[in-house]
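Work through the following exercises with the sequence and the model open beside you. Try each task before you read its solution.

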Amino acid sequence: NIPPYTSENYNIGIVFTPKCIKNLTLTADYYHITQDDIPYNPSPSALMADINQFGAASSFASGFRFADNSRITSNAPNQVTADNFGTLEVPLLPGAAQRTDGLDLSVTYVLQTETAGKFTFRTDANVLFNFDARQGPGQPFFPYKGDYTDLAGSIPLAQGTLPDFVVVPTVAWEFHNFTVYAAARYIPSID
């Protein structure tokens, strides 16, 4: 049974609509999120090292079988070799963690015309200050801000692309019952 993981979120924001520029809105929102006890798969190499050190006394021994389908029954070290290795069940364990903080920004300007309809110009941006992840209790946090983490690979808590910032400009044109919307996304180069 995996217990639920916990999260703490802190947010603070501001919305500014200057009276000197009608229909302009500026927003800024800071966020700080920490998550603990996230389920993760421990390293199979670490599990095998533990099994080879403690034998049947290893907490992972029940998930191991030799090539002949037998189980480890002795506490003797170094029982598993490349020749007799069978299968290993890698359990899902609680204890991973991640922490992130950043700033969400937006600028919106609405232009209402009498003959051509309404135009809404908006730009949203996210500035990532930190994104750190830790696989398992007692492990160090690794910084992933500005990196690509392969979702199918072995990087703990992979999130895909974590650029330093993202900018998304949009424009919408509304005329009678007709709407046209266009958007772009800018992501800087990543490692």
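**Exercise 1.** Decide whether Asn-23 is buried, partly exposed or exposed, and describe its backbone and its place in the chain.

Solution. Begin with the cut-offs: a residue is buried under 20% relative accessible area, exposed over 50%, and partly exposed in between, with a 1.4 Å probe and protein chains only. Asn-23 has a relative accessible area of 39%, so it is partly exposed. Next, look at the backbone, where phi of Asn-23 is near 70°, a positive value in a residue other than glycine. Finally, locate the residue: Asn-23 lies in the loop between β1 (6–16) and β2 (24–40), where strands (E, at least two residues) and helices (H or I, at least four) are DSSP runs, numbered from the N terminus.

Before going on, note that this is a predicted model, in which local features need pLDDT of at least 70 and side-chain atom pairs count only at pLDDT 80 or more, while totals for chains, interfaces and linings use all residues. Residues are numbered from 1 along each chain as its sequence is written, and side-chain values use heavy atoms, with hydrogens and water left out.

**Exercise 2.** Carry out the analysis for Asp-37, which is found in strand β2.

Solution. First read the backbone angle: Asp-37 has a positive phi of about 60°, although it is not a glycine. Then turn to accessibility, where the value of 36% means that Asp-37 counts as partly exposed.

**Exercise 3.** Describe the surroundings of Asp-101, a residue of strand β5 (residues 93–112).

Solution. Start with charge, counting Lys and Arg as positive and Asp and Glu as negative, and leaving out His and the chain ends. Asp-101 is buried and yet has no salt bridge, a term that requires a side-chain nitrogen of Lys or Arg within 4 Å of a carboxyl oxygen of Asp or Glu. The nearest side chain of opposite charge, that of Arg-99, is 8.1 Å away. The next step is to look for a polar contact, which is a pair of N or O atoms within 3.5 Å; within protein, one must be able to donate a hydrogen and the other to accept it, and residues adjacent in sequence count only if both atoms are side-chain atoms. The side chain of Asp-101 makes such a contact with the side chain of Asn-130, at 2.9 Å. Lastly, list the residues in contact (heavy atoms within 4.5 Å): leaving aside neighbours within four places in sequence, Asp-101 touches Tyr-30, Tyr-31, His-32, Leu-128, Phe-129 and Asn-130.

**Exercise 4.** How many salt bridges are there, and which parts of the chain does the pair of Lys-118 and Glu-174 tie together?

Solution. The count comes to 4 salt bridges. In one of these, the side chains of Lys-118 and Glu-174 meet at 3.8 Å, N to O. Lys-118 lies in strand β6 (residues 118–134) and Glu-174 in strand β10 (residues 165–175), so this pair ties together parts that are 56 residues apart in sequence. Lys-118, at 27% relative accessibility, is partly exposed, and Glu-174, at 31%, is partly exposed as well.

**Exercise 5.** Examine helix α1 (residues 44–54) from its beginning to its end.

Solution. At the N-terminal end, Ser-43 acts as a cap, with a side-chain oxygen 3.2 Å from the backbone nitrogen of Ser-45. Within the helix, Leu-47, Met-48, Asp-50, Ile-51 and Asn-52 are buried, and the buried residues of α1 pack against β3 (64–66) and β4 (85–88). After the helix comes Gly-55, whose phi is positive, near 60°.
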